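Q: Please take a close look at one part of this structure, the second largest pocket and what surrounds it. I would like a connected account that starts from a buried side chain elsewhere in the fold and works its way towards that pocket.

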Amino acid sequence: MPLTDYTFNEENPVDRIFYGRINIKKASSFLHFTDYGIVKNLIHHLKYKNQEHIGEFLGNWYGQILVENNHLPKVDFVIPVPIHRIKLRKRGYNQTALFAKQLATHLNSQYLDHVLIKTANTRTQTKKNRLARWYDNKSLYTLVDAHLLENKAILLVDDVITTGATMELCAGELLKIEGTSLFLASIAIVD
């Protein structure tokens, strides 16, 4: 498996994606994603082939690595990037959820999947560039019960970081909350 060795310990390419875009503490990713290879196949099966257990397996693995390396400060909440309720109904699960739940378990943090909501059902983002994603998604996410997150450290989790546009939009909403410290993680990052 093409592990990244990014464990929140030092500057890495995931951090650099977000420099000057959003005020996060640190970003990390578990695996390298390429157009051809095992990670692309794993993510495809996780998202489109009803193989939800892949997320649990990868989250358990990465969670163990993060705990062993002990570079991520204590986070209060782990929040997955949401999918729209129509897509959730069709797929039956959020592909990021079990990965995020396993991270929360290993980090002794609370998993929350109801505070960040996707408000529109958009088509896949995989073929769009960063600017197109940003324009399409400007008010795509909203918060409920934001007061729960005041003065808390949050780990926002997604499946794949390509341009960082989705994470940037979600992070922008979370950073509106007073006193929020934000960390980002993903299953994979596109090289």
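A: In this predicted model, a useful place to begin is Leu 174, which, leaving out residues up to four places away in sequence, touches Ile 79, Leu 143, Leu 149, Ile 154, Leu 156, Thr 180 and Leu 182. Leu 174 belongs to helix α7, which covers residues 165-174, and it counts as buried because its relative accessibility is 0%. Along the chain Leu 174 and Ser 29 are 145 residues apart, and their C-alpha atoms are separated by 19 Å.

Beside Leu 174 in the sequence is Glu 173, whose side chain meets that of Lys 176 in a salt bridge with an N to O distance of 2.8 Å. The two partners differ in their surroundings: Glu 173 is buried, since its relative accessible area is 16%, whereas Lys 176 counts as exposed because its relative accessibility is 61%.

Helix α5 (97-106) leads from here towards the pocket. Seven of the 10 residues of α5 are buried, so that the helix is mostly covered, and these buried residues are Ala 97, Leu 98, Phe 99, Ala 100, Gln 102, Leu 103 and Ala 104. They pack against α3 (53-69), β2 (77-80), β3 (110-111), β6 and β7 (181-190). Just after α5, Asn 108 takes a positive phi of about 55°.

The second largest pocket itself holds about 280 Å³ of space. Its lining is made up of 18 residues, and those that lie nearest its centre are Pro 82, Ile 83, Leu 88, Asn 94 and Asp 113. By type, the lining divides into 10 nonpolar, three polar and five charged residues. Three elements, α4, α5 and β4 (116-118), each supply at least two residues of this lining; α5, mostly covered as described above, is thus one of the contributors to the pocket wall.

Helix α4, another contributor, spans residues 85-91 and includes Arg 91. Not counting residues up to four places away in sequence, Arg 91 touches Lys 47, Tyr 48, Asn 50 and Ile 83, and Ile 83 is also among the residues nearest the pocket centre. Arg 91 is buried and yet has no salt bridge, the nearest side chain of opposite charge being that of Asp 159, 6.2 Å away. With a salt bridge requiring a nitrogen within 4 Å of a carboxyl oxygen, that separation of 6.2 Å leaves Arg 91 without such a partner.

Asp 159 does, however, form a salt bridge with Lys 47, at 3.4 Å from N to O. This pair links distant parts of the chain, for Asp 159 lies in strand β6 (residues 153-161) and Lys 47 in helix α2 (residues 38-48), 112 residues apart. Both Asp 159 and Lys 47 are buried. Lys 47 is therefore a residue that Arg 91 touches and a salt-bridge partner of Asp 159 within the 4 Å limit.

The count of salt bridges comes to five, and one of them lies outside the regions described so far, joining the side chains of Arg 16 and Glu 11 at 2.7 Å from N to O. Arg 16 is partly exposed, because its relative accessible area is 42%, and Glu 11 also counts as partly exposed, at 47% relative accessibility.

In the segment before α1 (13-18) is Thr 7, which counts as buried because its relative accessibility is 6%. Leaving aside neighbours within four places in sequence, Thr 7 is in contact with Ser 28, Tyr 62, Ile 65, Leu 66, Asn 69, His 71 and Leu 72. Thr 7 and Lys 26 are 19 residues apart in sequence, with their C-alpha atoms 9.8 Å apart in space.

Two loops complete the account. Asn 70, in the loop between α3 and β2, has a phi near 55°, a positive value in a residue other than glycine, and counts as exposed because its relative accessibility is 63%. Asn 151, in the loop between β5 (141-143) and β6, likewise has a positive phi, near 60°, and counts as exposed, with a relative accessibility of 52%.

Terms used:
Residues are numbered from 1 along each chain as its sequence is written. This is a predicted model: local features need pLDDT of at least 70, side-chain atom pairs count only at pLDDT 80 or more; totals for chains, interfaces and linings use all residues. Side-chain values use heavy atoms; hydrogens and water are left out. Helices (H or I, at least four residues) and strands (E, at least two) are DSSP runs, numbered from the N terminus. Buried means under 20% relative accessible area, exposed over 50%, partly exposed in between (1.4 Å probe, protein chains only). Lys and Arg count as positive and Asp and Glu as negative; His and the chain ends are not counted. Contact means heavy atoms within 4.5 Å. On a 1 Å grid over the protein atoms alone, a cavity is a set of points where a 1.4 Å probe fits but cannot get out, and a pocket is an open set with protein on both sides within 12 Å along at least five of seven lines; lining residues have an atom within 4 Å of a point. Grid points are joined across faces, edges and corners, and a volume is the space filled by probe spheres set on the points. Ala, Val, Leu, Ile, Met, Phe, Trp, Tyr, Cys and Pro count as nonpolar, Asp, Glu, Lys and Arg as charged, and the others, Gly among them, as polar.
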